[in-house]
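Student: I would like a close look at the sheet in this protein. Please take me through that one part.

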Amino acid sequence: MKHFKVLRAWAIIAMALLMTISVIADESIQTNVSENETRIAPASSVLEARARARMLHELVRGTLQIMHRDFFDEDNAHAIPSASLEDVFHEMGDSYDVKMKWLTVNTDVVNVDHDPETPFEKHAVKLLAAGKPFAEQTTADRYQFAGSIRLGSQCLKCHVKRRTSNEDRTAGLVITMPLASGQPR
């Protein structure tokens with residue numbers, strides 16, 4: 001029995017990696033945005049690079065912790081990835097004042113907390129639904145980014161219950177972070 005559990009765990013990890021690679025590959029192929037719009041500029045200082053690295057490290061570290069907690073616990077085998085990641089979002093908010101939220105674009109409303117609420121989120125949904133890869137907004141003290149997340153046919157059985165096609169759909173992820181005063185816009 002223990003051997004079966006180990007094999008199941010490795011199968012889940014392999015499937016998650018394959019799905020991630022598939023999504024990344026498909027997104028890079030299907031985007032009609034120039035490479036300059038999708039590339040991230042190099043950090044302008046060691047301080048900026050360190051901040052980026054620390055946030056990425058926390059995101060990956062937290063995701064691994066949550067995945068192991070939710071997907072390899074025999075008593076809680078019904079966790080779903082997006083809900084598990086919300087725990088990571090919470091930690092990113094506490095540790096870095098970076099707020100993250102799922103956004104319903106052109107799928108069923110699975111969770112009303114994912115509906116667009118603010119004017120920025122409502123505008124972002126329109127842009128993402130039209131095929132734009134992201135939307136952004138800057139205020140005096142905050143930067144907001146909403147990026148598209150492609151939902152392929154394998155995702156639709158949960159995200160679009162009464163579908164009439166298996167065409168890809170879009171969800172979104174909103175990321176809001178503070179800006180130091182006096183930052184260029």
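And to set the scene, what percentage of the residues in the protein is buried?

Tutor: This is a predicted model. Buried residues make up 24% of the 185 residues. The protein has six helices and four strands. Along the sequence, they follow the pattern α-α-α-α-β-α-β-β-α-β.

Now the sheet. It is open, and its four strands pair in the antiparallel sense, in the order 1-4-3-2. Strand 1 (99-104) and strand 2 (134-138) are at the edges. Each has a single partner strand, so one side of each lacks a neighbour in the sheet. From one strand to the next, the twist averages 15°.

Look at one pairing. Strand 2 and strand 3 (residues 142-151) are antiparallel partners, joined over five bridges. F134 has its bridge partner, G147, in strand 3.

Helices meet this sheet too. Helix 4 (residues 81-96) packs on it and touches strand 1 and strand 4. The direction of helix 4 makes about 145° with that of strand 1. Helix 5 (residues 119-129) lies across strand 1, strand 2, strand 3 and strand 4. Helix 5 runs at about 35° to strand 3.

Finish with one residue. T170 sits in strand 4 (residues 169-178). Its relative accessible area is 16%. Buried means under 20%, so T170 counts as buried. Leaving aside neighbours within four places in sequence, T170 contacts V105, N106, T107, L128, S148, I149 and L151.

Key: Residues numbered from 1 in each chain as written. Predicted model: local features only at pLDDT ≥ 70, side-chain atom pairs only at ≥ 80, totals over all residues. Heavy atoms only, no water. Helix = DSSP H or I, 4+ residues; strand = E, 2+ residues; numbered from the N terminus. Buried < 20%, exposed > 50% of the residue type's maximum accessible area, 1.4 Å probe, protein only. Contact = heavy atoms within 4.5 Å. Pairing = 2+ DSSP bridges. Axes fitted to C-alpha atoms, helices over the stretch in contact; angles between N-to-C directions.
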